[in-house]
Amino acid sequence: MTPVSSKLSTTERPDDNQFGVSPSRQLFGKVMTGLVFACVAISIIPLASILFMVITNGLGGFSPAIFTDLPPAAGMQGGGFRNAIVGTLLTCAIGAIISIPFGVLAAIYTVEFGQGNWISQLVRFCTNVLSGVPSIIAGLFAYGVVVLLTGGFSAVAGGAALSVLMLPTIIRTAEEGLKSVPKATRLAAVGIGATNFQTVTQIVLPAALPFVATGVTLAIARAAGETAPLLFTALFNQYDIKGLWEPTATLSVLIYNFAISPFPNQQKLAWVAALLIVLLILSISIFARLVSRRKVY
Amino acid sequence: MANTHTDREIVIKTDNVSIFYGAFQAVRNVFLDIPKNNVVSFIGPSGCGKSTLLRCYNRLNDLIPNAKVQGEITYRGTNLYDSKVDPVEVRRRIGMVFQQPNPFPKSIYDNVAFGLKIAGFTGNFDERVEQSLRKAALWEEVKDKLQQSGLSLSGGQQQRLCIARTIAVEPEVILMDEPCSALDPISTVQIENLIHELKDRFTIIIVTHNMQQAARVSDKTAFFNAEAGEGGSRFGYLVEYDDTRTIFGSPKEERTQEYISGRFG
Ligand SMILES: Nc1ncnc2c1ncn2[C@@H]1O[C@H](COP(=O)(O)OP(=O)(O)O)[C@@H](O)[C@H]1O
Ligand SMILES: [Mg+2]
């Protein structure tokens, strides 16, 4: 014992501090820290450059008109895209209205009642598969089920496509939220004579609500930017929609259409729409974080 | 309190009850009658099936998938495990207070009101909530913050809140599974005093690993023990059940004598 430590302190640590970090490890530590910082910086570049591009190109075109006017025809000046803003909000809302009940009920089944039986395992497996399905396939599904059956493109069909994309996130976060409620709390409710239904709806679900709300907002943030599934479900509309069963413009499809248009005015509007969508997603994500701070457990 | 309970009416009869978890027998052949308005304590080394038996009295064992009860537990003449008996109704008459305080993630007021709401109570909620909190000796401490979360209270206060929540629905029997084991000594004394007070209105069965506590709070004491059966698995059984004075003064069984004098367990 003694010979080893005395040898170390004399040969490698001239500052006679026997607990000092050896120079080679100090160097290694510095190199690794530098490497990690470099990786962090590189991974921030995409987001930062997207924000930079969108802001520099989009901010100039920002005007009240984009909220009040309809998209300009080819070659025309000015205009806005109030119909696309309405359409994006509308399709997202329809998607949420469809997917929230299904997702939350599925999570309630797997956590509260299925408890690892084959059905809940199947649900979990399907959720994982679904979250990996390309969004254009979700659009195809809505096309087959809603567009073909109802005889036309519509906001509802777009919402249905988005709901398929939102479902996995909602199921997962709802499951997480339900699992965060201790078993003892459920026992307490059952122990004073609550039925399963009362326990779930009045004790467990309220406690899990911040998780569910986080999941829903994250799912909406993802759906708000989707283009592919809307192309052949909600399609596009030059004008305001007058009913849920009509095709509708959306921000993402508007960007898709105008970005490849040869007219500078439309290209500029595409940048503005891109900025708007980024701001929308950013604020939804911030909202989600605020909600998730209110966790009970 | 000496001899009064011998002629009291019986609230719960435990008639040759055995309890299984799958193939494992946790409790074997228990006969035990609980008289009205008594405090009955269950003592014994851990793993002898005290909690298991207690949970059967309000059918909480139904939530454990492979638990099975043999024999008969009757509450006022009704077999609790009869197929026509609704376990939800049983639990409203026979309430449970758990080892770990487990208030709902709701306000103090709603913790107490929840049971009333689900039981379809139509009277004055404010009044009943206050009454229950007073009976649980918690009113003075919380009356100015009824809208605060029940989870914000201290452990001892939480446990008294859980007791208030249980007595709010006015069950006839209260089951308590080591209600003080997670609490500090001062809170423990408060809960013990509370049990004394509650005896007038409720029948109480309390599991405790603290023999002084059993001696202090209970009228009758049941001593359980665990023994290795054939095949080596341990099953719990009732060794002796008598007035608390007798159990701690002159027990009839040698095992009881050994346990209360601290020679094992
Ligand atoms: N949910 C359960 N599943 C299987 N075995 C259990 C379960 N709960 C308790 N047991 C077993 O039953 C026996 C009695 O346990 P318990 O009633 O908790 O004893 P005590 O409360 O007296 O300490 C123990 O051997 C324990 O391992
Ligand atoms: Mg126990």
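In this predicted model, residues 85-288 of chain A are 80% helix and 0% strand, and the C-alpha atoms at the two ends of the span sit 21 Å apart. That stretch is what an unreviewed UniProt entry lists as "domain: ABC transmembrane type-1".

The same kind of record also marks transmembrane regions in chain A. The unreviewed UniProt entry gives residues 35-55, 84-110, 122-146, 152-171 and 269-291 under that heading. Two of these can be looked at in a bit more detail. Residues 269-291 of chain A are 100% helix and 0% strand, with end C-alpha atoms 33 Å apart. Residues 152-171 of chain A come out at 85% helix and 0% strand, and here the end C-alpha atoms are 30 Å apart.

Chain B mixes both kinds of secondary structure, with 10 helices and 10 strands. How does its radius of gyration sit against that of a compact globule? For 265 residues, such a globule would come out near 18 Å, and chain B has 18 Å, so the two agree. Along the principal axes, the C-alpha atoms of chain B take up a box of roughly 55 × 40 × 35 Å. Some 55% of the 265 residues in chain B count as buried. Contacts tell us about the fold too: counting those in chain B between residues at least 6 apart in sequence, 67% link residues at least 24 apart.

On the outside, chain B exposes about 11400 Å², and carbon and sulfur atoms make up 46% of that area. As for charge, chain B carries 31 positive and 33 negative charges, and the mean positions of the two sets are 2 Å apart.

Two residues of chain B deserve a look for their backbone angles. B:Arg59 is not a glycine, yet its phi is positive, near 60°. B:Arg59 belongs to the loop that runs between helix 1 (50-56) and strand 4 (67-75) of chain B. Is B:Arg59 buried or exposed? Its relative accessible area is 11%, and because buried means under 20%, B:Arg59 counts as buried.

The other one is B:Glu178, again a non-glycine residue with a positive phi, this time about 45°. B:Glu178 is found in the loop between strand 7 (173-177) and helix 7 (185-198) of chain B. With a relative accessibility of 13%, B:Glu178 is counted as buried as well.

Terms used
Residues are numbered from 1 along each chain as its sequence is written. Chains are lettered from A and ligands numbered from 1 in the order in which they are written. This is a predicted model: local features need pLDDT of at least 70, side-chain atom pairs count only at pLDDT 80 or more; totals for chains, interfaces and linings use all residues. Side-chain values use heavy atoms; hydrogens and water are left out. UniProt positions are given in the numbering used here, feature names are shortened, and annotations may be inferred rather than shown by experiment. Helices (H or I, at least four residues) and strands (E, at least two) are DSSP runs, numbered from the N terminus. The radius of gyration is taken over C-alpha atoms; the globule rule is 2.2 Å times the number of residues to the power 0.38. Buried means under 20% relative accessible area, exposed over 50%, partly exposed in between (1.4 Å probe, protein chains only). Contact means heavy atoms within 4.5 Å. Accessible areas come from the Shrake-Rupley method with a 1.4 Å probe; for residues, only the protein chains shown count as cover. Lys and Arg count as positive and Asp and Glu as negative; His and the chain ends are not counted. The place of a charge is taken as NZ of Lys, CZ of Arg, CG of Asp or CD of Glu.
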